[in-house]
Amino acid sequence: MSTIAVIGTGVIGASWAGLFLAHGHDVVATDPAPGAEERLRSALEGVSTDRLRFVADAGEAAAAADFVQENGPEREDVKHALFGILDEAARPDVILASSSSGLLPSVIARGCPRHPERVVIGHPFNPPHLIPLVEVVPGRDTAPEVVDRAVEFYASVGKRPIRLTRELPGHVANRLQAALWQEAYSLVERGVATVADIDTAIAYGPGLRWAVLGPFVNQHLSGGAGGLAHVLRHLGPPTEEWWRDLGQVHLTPELAETLISGVDAELADTDQARLVAARDAVLDQLLAAKAAQPDLP
């Protein structure tokens, strides 16, 4: 797969383009928004764009591609229209992968009457050029070999793909995030802790361990010699009590305003561009540190 089509060059698409270019691929990009090419090239500052070509429409990009990474708006009608164009233009063997963060691949594939078997979700985490995770999700009609090829391709550009055995809204990682957000929002709504306190609780508590190992292995290690079996015996019953006490929250306008005000207060006098740069620098250092530890899974 030497030529990759990047369909939609917003934040996610631009990051994908940078990753593909950095791994030596030719990239054919397209986005209908005015000024999209200029914004893309600006976002790719520091990455060689000698192998980047920007074209006028999605069909032209797909026709030139060996793999398509779509990053359009998260709307069924837009996806259907866009994938109809991609399905018509791309060679039958070309995988059509969507970065959708929550739509089902079977729903997206309704826009591909010719070859629905080559549609798959390839959902990254932002920013894709830094965060290794990509969730590969087959739809009802997706061919098994398409999933195999997508996993192989993502691994070849430095990603850590996981393969889901069934489709469900939000895939895996976003559902896990949503569970945490539900309780975080509820704690704010109930006045238990501030937005800043909850950010601190995660960023300087379990989030540090989660950045190294996943929830199951971390829980296993917390059990000492007895491992996960010890934890489940001794902390399982109180954990079930905590589950029953978790808040059921509705994102009312009042709660939304409280959350937004809390973040504004937390980031008062903070330059967001510098914050993003600092975050990405730490991510780079963390990933390098993890790569240097052969005992980490």
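At what angle do H7 and H12 pack, and how far apart are their axes? In this predicted model, the two helices pack at an angle of about 95°, and their axes are 10 Å apart. Angles of 65 to 115 degrees count as roughly perpendicular, so H7 and H12 are roughly perpendicular to each other. On the H7 side, the contact is made by Tyr185, Val188 and Glu189, and on the H12 side by Leu255, Thr258 and Leu259. Sorted by class, the residues of this contact come out as four nonpolar, one polar and one charged.

Both helices have a further residue worth a look. Helix H7 covers residues 173-189 and includes Glu183. That glutamate is buried, with a relative accessible area of 17%. Its side chain makes a polar contact with the side chain of Arg190, at 3.1 Å. Setting aside neighbours within four places in sequence, Glu183 is in contact with Arg190, Leu246 and Gly247. Helix H12, in turn, spans residues 253-266 and has Pro253 in it. Pro253 is exposed, at 65% relative accessible area. Between the C-alpha atoms of Pro253 and Glu117 there are 42 Å, and along the chain the two are 136 residues apart.

A second helix pair also crosses. The axes of H10 (residues 215-222) and H11 (residues 227-245) come within 6 Å and cross at roughly 85°. That makes H10 roughly perpendicular to H11. Here Gln219, His220 and Ser222 of H10 meet Gly227, Leu228 and Val231 of H11. The contact of H10 with H11 has two nonpolar residues, four polar ones and no charged residues.

Then there is the nonpolar interior. In soluble globular proteins, nonpolar side chains tend to be buried together. In this model the largest nonpolar core has 29 residues, and Phe20, Val27, Leu40 and Tyr154 are the ones with the most contacts inside it. Helices and strands both feed into this core: at least two residues each come from strands S1 (3-7), S2 (26-30), S3 (52-54), S5 (95-98) and S7 (133-138), and from helices H1 (11-22), H2 (36-43) and H6 (144-156). Apart from it lies another core, of 23 residues, with Ala5, Leu82, Phe83 and Leu103 among them.

Looking at single residues fills in the picture. Not counting residues up to four places away in sequence, Tyr154 touches Trp16, Phe67, Gln69, Ala97, Gly122, Val134, Val136, Lys159 and Pro161. Phe54 sits in strand S3. With neighbours within four places in sequence left aside, the contacts of Phe54 are Thr9, Ala29, Thr30, Asp31, Ala36, Glu37, Leu40 and Arg41. The C-alpha atoms of Phe54 and His115 are separated by 26 Å, with these positions 61 residues apart along the chain counted as their spacing.

What does the side chain of His25 reach at 2.9 Å? The partner is the backbone oxygen of Met1. His25 lies in the loop between H1 and S2, yet at 12% relative accessibility it counts as buried. Once neighbours within four places in sequence are left out, His25 is in contact with Met1, Ser2, Ile4, Phe20, Arg51, Phe153 and Val157. Phe20, from that list, is also one of the residues with the most contacts inside the largest nonpolar core.

The backbone has a few quirks, too. A cis peptide bond joins Asn126 and Pro127, with omega at about 0°. Pro127 is found in the loop between strand S6 (119-124) and S7. Two residues that are not glycines have a positive phi: His171, at about 60°, and Asp269, at about 65°. His171 is in the loop between strand S8 (160-163) and H7, while Asp269 is in the loop between H12 and helix H13 (272-291). Buried or exposed, where does each of them fall? His171 counts as buried, at 2% relative accessibility, whereas Asp269 counts as exposed, at 85%.

Methods. Residues are numbered from 1 along each chain as its sequence is written. This is a predicted model: local features need pLDDT of at least 70, side-chain atom pairs count only at pLDDT 80 or more; totals for chains, interfaces and linings use all residues. Side-chain values use heavy atoms; hydrogens and water are left out. Axes are lines fitted to C-alpha atoms, for helices over the stretch in contact, and angles run from 0 to 180 degrees between N-to-C directions. Helices (H or I, at least four residues) and strands (E, at least two) are DSSP runs, numbered from the N terminus. Angles under 35 degrees count as roughly parallel, over 145 as roughly antiparallel, 65 to 115 as roughly perpendicular and the rest as oblique. Contact means heavy atoms within 4.5 Å. Ala, Val, Leu, Ile, Met, Phe, Trp, Tyr, Cys and Pro count as nonpolar, Asp, Glu, Lys and Arg as charged, and the others, Gly among them, as polar. A nonpolar core is a set of buried Ala, Val, Leu, Ile, Met, Phe, Trp, Tyr and Cys residues joined through side-chain atoms within 4.5 Å. Buried means under 20% relative accessible area, exposed over 50%, partly exposed in between (1.4 Å probe, protein chains only). A polar contact is a pair of N or O atoms within 3.5 Å; within protein, one must be able to donate a hydrogen and the other to accept it, and residues adjacent in sequence count only if both atoms are side-chain atoms.
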